[in-house]
Amino acid sequence: MSGQHDKTSVAAISILASGGMAAAKFVVGIAIGSLALVSEALHSSIDLVATIITWAVVRVSDKPADDEHHYGHGKLESISALGVTALLYVLAGGILVQSYSHLREGTPPPTISAVPFVVLVIDIVVNLWRARALHRAARETRSEALAADALHFASDVMGSCAVIVGLILAAFGFWWGDAAAAAAVAVMIAALGLRMASSTVQTLLDRAPEGAQAKATAAIRSVPGVIDVERLRVRMVGATTFIDSIVNVPRTYPIDRVEEIKRNAQGAVDKAFGDADLTFTAVPVARDNETVRDRIMVIAHNSGLAIHHVTVHDLGAKLIVSIDLEVDADMQLEAAHDVANTLERSIQEEFGADVEVDVHIEPLEPELPFGVDAAPERVQTIAAALTEYAAGGEIHDIHNVRVRDTEGGEIVNFHCRATPSMSVIKVHEQVDAIERRLRRAFPSVKRVISHAEPPRA
């Protein structure tokens, strides 16, 4: 809200300044009969109208998006700038017509005194201050309406200088000096209108800001997990940069990882642009370094199947794949066999019809039934047995033993330590041997869950 307050306060101060200076120049211009000064007063009057419009628009343009304006209200600033441009062209045309009339008819020069020069010098100082303040506020808030207002007042400085030159020429006896100065003011107004119109029309046509596409693309590509940016479009609505992107991400990533990439991409474009609204469409693609196992896991995941223990044998001319497929324990064999055949066909479509696929069907492990902690004596007995079975091997320090009684039998969890240099497969084999011995010694144990860890540092 601080940016909104800055824009409205600067615009409100500008209204008071515009009104006061326009009135002063108009009164003095009429009094001395100077077309150039009256023209500059009319120019300031247009600026006053423009500033009032700006003050009203910036109070609305920062309103958030709603049900009817999904991209916010920022385009109001562009529309207001276009309206002010039209007023400037009407004024410039009127001044040129009047200047031509004065030059053709030889209208007497204005009465020269110190008053118009004092008014014009004050006007130059005020306009320089206003243009600087408005330009700073426009840059900080990225307001197109304030930027247009700042340009007005910068042009007022040039217009006031042209009027001073015309009055000086008139003072030295060049009767045409005042009318020529008025024509110069009209030309400046027209040039200003052309510059404003070009910028505003480009914004209304959704022209991407210079370098914005490359900047946004680089910001998104810097996010870990992004493979490439397939397509990106940028447009401005008020001070907000709207970015529509189609981004390639690894197809092996889970949904929560892709969501994390989206959040990081939004943070990256916010850092690059300040106020950015990112639409991120993730397209899963295969990476060059995907293994055969990765590709098989993707096939199973896309089919909603639970698989494990995937082994791949590459015989050079032939690929052999073995998979454990988990299905509902109550599923009939015929239905389970159909699921396995579908998986096999999908793998053959991916790798070729000559790939050999063996699918082992096994019941999906159900959720563990409700249970209660076993008695401390039972826990001590099982812990002692585990310690005995591990004695003399590379698995040691059996600890954190827990035993729970369930309707399906006892569930045992324990932690152990192993030599840091041991491979995972070797640790698994030795722990598995301990688990098998425990189940043989205690038939009531339904499942054993172990966690191996390196020794304490």
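Helices (H or I, at least four residues) and strands (E, at least two) are DSSP runs, numbered from the N terminus. These element names guide the tour below, which concerns a predicted model.

**Whole chain**

Begin with the full chain in cartoon representation. The chain holds 12 helices and 10 strands. Of its 457 residues, 41% count as buried. Among the contacts in the chain with a separation of 6 or more, 68% are made by residues 24 or more positions apart.

**The sheet E1-E2-E3**

Select residues 228-237, 240-250 and 276-285. These 3 strands make an open sheet, ordered E1-E2-E3, in which the pairing is mixed. Strand E1 (228-237) and strand E3 (276-285) each have a single partner strand and stand at the edges, so one side of each is left without a neighbour in the sheet. From one strand to the next, the twist averages 10°.

Focus next on the pair formed by E1 and E2. Strand E2 (residues 240-250) is joined to E1 by 9 bridges, and the two run antiparallel. As a landmark within this pair, display Leu232, which stands opposite Ser245 in E2.

Now add the helices that pack on the sheet. Helix H7 (residues 212-221) touches E1, E2 and E3, and its direction makes about 130° with that of E1. Helix H8 (residues 255-273) also packs on the sheet; H8 touches E2 and E3, and its direction makes about 145° with that of E3.

**The second largest pocket**

Keep E2, E3 and H8 on display and turn to the second largest pocket, which contains about 330 Å³ of space. A useful selection is Arg251, Thr252, Tyr253, Pro254 and His301, the closest to the pocket centre of the 17 residues that line it. The elements giving two or more residues to this lining are E2, H8, E3 and helix H9 (292-302). Which element supplies the largest share of the lining of the second largest pocket? That element is H9, with 6 residues. Colouring the lining of the second largest pocket by class shows 12 nonpolar, 3 polar and 2 charged residues.

**The largest cavity**

Move now to an enclosed space. A search of the whole structure returns 2 cavities of 30 Å³ or more. The largest cavity holds about 80 Å³ of space. To display its lining, select Gly33, Leu35, His102, Leu103, Thr107, Pro108, Pro109, Pro110, Trp175, Trp176, Asp178 and Ala179. Helix H3 (75-105) and helix H6 (177-204) are the elements that give two or more residues to this lining. By class, the residues lining the largest cavity divide into 8 nonpolar, 3 polar and 1 charged.

**Strands E7 to E10**

Proceed to the later part of the chain and select strand E7 (residues 371-373) together with strand E8 (residues 395-406). These strands run antiparallel and are joined by 3 bridges. Val372 has Asp405 in E8 as its bridge partner.

Extend the selection to strand E9 (residues 409-418). E8 and E9 run antiparallel, with 8 bridges joining them, and a hairpin connects E8 to E9 through 2 residues. Two positions mark out this pairing: Thr406 stands opposite Gly409 in E9, and Arg402 stands opposite Asn413 in E9.

Is E9 mostly covered or mostly uncovered? E9 is mostly covered, since 9 of its 10 residues are buried.

Finally, add strand E10 (residues 445-453). E9 is joined to E10 by 8 bridges, and these strands run parallel. Arg417 and Glu453 in E10 stand opposite one another. In general, strands of a sheet pair through backbone hydrogen bonds, either parallel or antiparallel.

**Asp405**

End the tour by centring the view on Asp405, which lies in strand E8. Is Asp405 buried or partly exposed? Asp405 is partly exposed, because its relative accessible area is 33% and buried means under 20%, exposed over 50%. Leaving aside residues up to four places away in sequence, Asp405 touches Phe370, Gly371, Val372, Ala374 and Glu410. One of these, Val372, is its bridge partner. As a last selection, show Ser444: it is 39 residues from Asp405 in sequence, and the two are 9.4 Å apart in space, C-alpha to C-alpha.

Notes
Residues numbered from 1 in each chain as written. Predicted model: local features only at pLDDT ≥ 70, side-chain atom pairs only at ≥ 80, totals over all residues. Heavy atoms only, no water. Pairing = 2+ DSSP bridges. Axes fitted to C-alpha atoms, helices over the stretch in contact; angles between N-to-C directions. Contact = heavy atoms within 4.5 Å. 1 Å grid on protein atoms, 1.4 Å probe; cavity = no way out; pocket = protein on both sides within 12 Å on 5 of 7 lines; lining within 4 Å. Points joined across faces, edges and corners; volume = space filled by probe spheres on them. Nonpolar A, V, L, I, M, F, W, Y, C, P; charged D, E, K, R; others polar. Buried < 20%, exposed > 50% of the residue type's maximum accessible area, 1.4 Å probe, protein only.
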